[in-house]
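Let's take a walk through this one together. Have a look at the chain below, and then we'll go from spot to spot.

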Amino acid sequence: MAYTNSYKTPTGPGELRGCTGPDPYDLNFVLPLREGQLESDRVRLAPFVPAKHAQEYHAQVTAHPALERYLPFRSDDLDALLAKIELEVRRAPGNVLLAIIDKTRGSSGDGSMAGVIALTGTSRAHLSTEIDWVVVFPAFQRTHVATHTVGLLLRLCLEPPPRGHGLRRVQWIAAPENAPSVAAARRMGFALEGTLRWVHVLPEGKLGAKLVRAGDPGAWAPGKHSVVLAMCADDWEAGGRERVRRLMDR
C-alpha cells in the first residue's frame, strides 16, 4: 500500500518576532480557569499575558540568569521568549503559563509580579498534568510565595469538581542537580518516582550530561536527565490535601 509523509517544519521563532498573541489574549487551554480558583489570601495566579508580563519576566531573568539555570531553554532574547510562549504554550492546548502575583507587595493594590509557573502536557483523557517552568524572582524567594503558588495549583488540579478539575496525577520534573527544586516538591508532598535519562537536548551554554558516540546528531549539545516526582489523587485524599492546607496556613 502506498503512503506519504507530508510533514512540514513548523513556523520558526524568527517568523514570530515581537508576537504577543491575539487581542484579547486567548489562552487556548484545555481546562477552564475560573476566577477565584487560583487565589489565596497572599498569592494570586493570573494568566500570563505577554503584552503585560513578558517585559518584567525578561528583565528578571536577564538580571539574574541563574533563575533559568536548570530550564532546558534560555530567555535572554525577548523576541525569542515571545515566540516560545506563542508556539510552545499558547498554541499547545495542554499548556498554560501563569504569572505569580504576590498580593502582599506593591503600592497599587494589585500586588507585584513574583515569577511564573506553568501547567504542561495536560490531558483531559488521562486526567494528568505537569507543574513546569517554575521561576520565583529573587526578592520573593524564601517567602510564602512558592508554597502558596504550588498549593493553589495542586488544589485546582486534584480537588474533585466543582472546586477543582479532579485530575489523577500532577507531575513535577527537576534536574538531578537541582536539589532545591526536588526538596520543594518533597516538602509539598510529591513522591519521588525515579529518573528519566536524556529527556532534553539543551541549548549551547547550558550545563548538562555529555553523550559521546560516533554519528550522534546532537553531539554538539549537552543533554538533560530529569528526576520525576508526582502527587496523585490517592495521595491527595490520603493526607496530601491536609498537608498543603497546613503549609499554606502558616
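Before we start, a word on names: helices (H or I, at least four residues) and strands (E, at least two) are DSSP runs, numbered from the N terminus. Residues are counted from 1 along each chain as its sequence is written, and side-chain values use heavy atoms, leaving out hydrogens and water. Keep in mind that you're looking at a predicted model, where local features need pLDDT of at least 70 and side-chain atom pairs count only at pLDDT 80 or more, while totals for chains, interfaces and linings use all residues.

Start with Arg187, which sits in helix α4. Arg187 counts as partly exposed because its relative accessibility is 37%. The scale runs like this: buried means under 20% relative accessible area, exposed over 50%, and partly exposed in between (1.4 Å probe, protein chains only).

Arg187 also has company: together with Arg186, Arg243, Arg246 and Arg250, it forms a positive surface patch. Patches are made of residues with over 30% relative accessible area and no salt bridge, with like charges joined within 9 Å and nonpolar side chains (Val, Leu, Ile, Met, Phe, Trp, Tyr) within 5 Å. A salt bridge here is a side-chain nitrogen of Lys or Arg within 4 Å of a carboxyl oxygen of Asp or Glu. Helices come into it too: α4 (179–188) and α5 (233–249) each supply at least two residues of the positive patch.

Next, find the loop between β6 (191–201) and β7 (223–232), where you'll meet Val212. Val212 counts as exposed because its relative accessible area is 80%. Measuring across to Leu158, 54 residues apart from Val212 along the chain, the C-alpha atoms are separated by 42 Å.

Now for some backbone quirks. Pro24 lies in the segment before β1 (43–47), and the peptide bond leading to it from Asp23 is cis, with omega near 5°. Another cis peptide bond joins Pro161 and Pro162, with omega about 10°; Pro162 belongs to the loop between α3 (145–158) and β5 (169–174).

Finally, which residues have a positive phi without being glycine? Leu127 is one of them, at about 55°, and Trp133 is another, with phi near 50°. Leu127 is in the loop between β3 (112–123) and β4 (128–136), whereas Trp133 is in strand β4 itself. Leu127 is partly exposed because its relative accessibility is 23%, while Trp133 is buried because its relative accessible area is 6%.

Conventions. Accessible areas come from the Shrake-Rupley method with a 1.4 Å probe; for residues, only the protein chains shown count as cover. Lys and Arg count as positive and Asp and Glu as negative; His and the chain ends are not counted. The place of a charge is taken as NZ of Lys, CZ of Arg, CG of Asp or CD of Glu.
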